[in-house]
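Dear colleague,

I am passing a structure on to you, and below it I have set out what was found in it. Please keep it open beside this message while you read.

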Amino acid sequence: MKKIKVGIIGAGSISHMHTTSYKKLDNVEVIAVCDIDEERAKAYAEQYNIPQVFTDHHEMLKLEELDAVSVTTWNNGHAPLSIDALKAGKHVLCEKPLAMNAKQAEEMVQVAKESGKLLMVGFVRRFGENTKILKEAIEQEQLGDVYYAKTGCIRRWGNPGGWFSDFERSGGGPVIDLGVHMIDLVRYLNGKPKAISVTASTFNKLGMKPEMKGIGKYYSADYSTHNDVEDGATALIKFDNGLTLFFETSWVMHVKQDELYLQLYGDKAGAQMEPTIEFYGEQNNYFTSTTPLVDPNTYGFESNFNREIAHFIDCLVNDTPCLNPAEDGLELMKILDAIYESAKTGREVLI
Ligand SMILES: NC(=O)c1ccc[n+]([C@@H]2O[C@H](COP(=O)([O-])OP(=O)(O)OC[C@H]3O[C@@H](n4cnc5c(N)ncnc54)[C@H](O)[C@@H]3O)[C@@H](O)[C@H]2O)c1
């Protein structure tokens, strides 16, 4: 059996999910790792027994035997590194968001087309068991016409700092970090309609609040308190199939507790995907609420990554159509650009 040879560019937090998932596959070998932080790259190579270590991705991409790379760097690396990899003839799985903005994402899609290589975007939540259950229900028209959706990812105190809160490297705050997942899920579940208009506000009221005590949060690998991105946002997004989406997010907000929610409202039934999967329908002139039972072993972050990575490899080996094509990452960047534009101008933005 020919093994697919993979390299990791960016040996930070999330790359561990990629590498451990690749390692679970018999037909994959992780042969190289690259990070601008040499110590980190070396320690990573040792941890996972990866034979080749680089600090410059150009050098890594010269490896002829390398078939594919995961790009798991800061957001500002996604476009240039993916483009270099595609031009070097490698397939790419690029973490979300696909790029810093739609202009960069467009170029990535173009280069991928020209190279004939796969560019997949890491919308990992599409591989969730709850996503699968809800998508199946929608495809079987159990919800009917889904005309309204609400989704939010709210943190009371959750600015990770470091590159996340440095606009030059991230392209934005919770909108580009958390919003990208939630808005993508709503699009994906509903057959990928195109957004046609966005009215949004972003907030820069509370900053990062590094001085707070009492509760914990996720810290970026290279933590610093520089912060020049939004701390929260809200948006109303209309799609070309008639769907209206209300979205909100925050890294820091005076709210009772963190919240993650995704709700869809159809003319036959409604559904909630987060925080738990539930359906709201009608039977014998009674309103009903039902909760599918889901195996806890197949549920969660790690399982989603295992499935995402297995799918990426399946696309390369068996020509399976890619569930997360780069074009979907581009559509999301158009929406995120419109959120920031509407917040800046105070007006509705037509896409
Ligand atoms: N899919 C998800 O649910 C999910 C979750 C977390 C993070 N992410 C995404 O993954 C990416 C990385 O996030 P993280 O939390 O792992 O960050 P991190 O800071 O822990 O790791 C990023 C690593 O990239 C390295 N790096 C930066 N530029 C580089 C370059 N040009 N060449 C080589 N290495 C470079 C850094 O030195 C660092 O080690 C981000 O784009 C983030 O949005 C996705």
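The model is a predicted one, and a good place to begin is helix α4, which covers residues 75–87. Counting 1.5 Å a residue, its 13 residues should span 18 Å, and because the C-alpha atoms at its two ends are 19 Å apart, the expected and the computed values agree. Among the buried residues of α4 are Asn75, Gly77, His78, Leu81 and Ile83. After α4 comes glycine 89, which has a positive phi, near 85 degrees.

Helix α4 also leads us to the ligand, since α4 gives the most to the shell around the ligand, with three residues. The shell holds 28 residues, and the closest of them are Ile14, Asp35, Arg40, Asn75 and His78. By type, these shell residues divide into 15 nonpolar, nine polar and four charged. Several atoms of the protein can be placed relative to the ligand: a backbone N or O atom of isoleucine 36 lies 3.5 Å from one of the ligand's nitrogen atoms, while a backbone N or O atom of threonine 73 is 3.2 Å from a ligand oxygen atom. For glutamate 95 it is a polar side-chain atom that lies 3.0 Å from a nitrogen atom of the ligand. The ligand taken alone exposes 850 Å², and the protein buries 92% of that. The elements that give two or more residues to the shell are α4 and α9.

A second helix to look at is α6, residues 129–139, whose buried residues are Glu129, Asn130, Thr131, Leu134, Lys135, Ala137 and Ile138. What covers these buried residues includes the helices α8 (174–189) and α9 (301–318), together with the strands β11 (259–266), β12 (270–274) and β13 (278–283). Just after α6, glutamate 141 takes a positive phi of about 60 degrees.

Next, which side chain makes a polar contact with the side chain of aspartate 328? The partner is lysine 192, at 2.7 Å. Aspartate 328 is found in helix α10, residues 326–345, and its relative accessibility is 6%, so it counts as buried, the cut-off being under 20%. Apart from its neighbours within four places in sequence, aspartate 328 is in contact with Phe123, Arg126, Arg187, Lys192 and Leu323. Lysine 192, for its part, is found in the loop between α8 and β8 (195–203), and with a relative accessibility of 31% it counts as partly exposed.

Finally, some points concern the backbone, and a general rule helps in reading them: most residues other than glycine have a negative phi, and most peptide bonds are trans. Lysine 192 has a positive phi of about 55 degrees although it is not a glycine. Aspartate 319, in the loop between α9 and α10, has a positive phi as well, near 60 degrees, and this residue is exposed, with a relative accessible area of 69%. As for cis peptide bonds, the one from lysine 96 to proline 97 has omega near -10 degrees, and proline 97 lies in the loop between β5 (91–95) and α5 (102–115). The bond from glutamate 274 to proline 275 is also cis, with omega near 5 degrees, and proline 275 is found in the loop between β12 and β13.

With best wishes

Key: Residues are numbered from 1 along each chain as its sequence is written. This is a predicted model: local features need pLDDT of at least 70, side-chain atom pairs count only at pLDDT 80 or more; totals for chains, interfaces and linings use all residues. Side-chain values use heavy atoms; hydrogens and water are left out. Helices (H or I, at least four residues) and strands (E, at least two) are DSSP runs, numbered from the N terminus. The expected span of a helix is 1.5 Å times one less than its number of residues. Buried means under 20% relative accessible area, exposed over 50%, partly exposed in between (1.4 Å probe, protein chains only). Contact means heavy atoms within 4.5 Å. A residue is near a molecule or strand if one of its heavy atoms lies within 4 Å of it. A polar contact is a pair of N or O atoms within 3.5 Å; within protein, one must be able to donate a hydrogen and the other to accept it, and residues adjacent in sequence count only if both atoms are side-chain atoms. Accessible areas come from the Shrake-Rupley method with a 1.4 Å probe; for residues, only the protein chains shown count as cover. Ala, Val, Leu, Ile, Met, Phe, Trp, Tyr, Cys and Pro count as nonpolar, Asp, Glu, Lys and Arg as charged, and the others, Gly among them, as polar.
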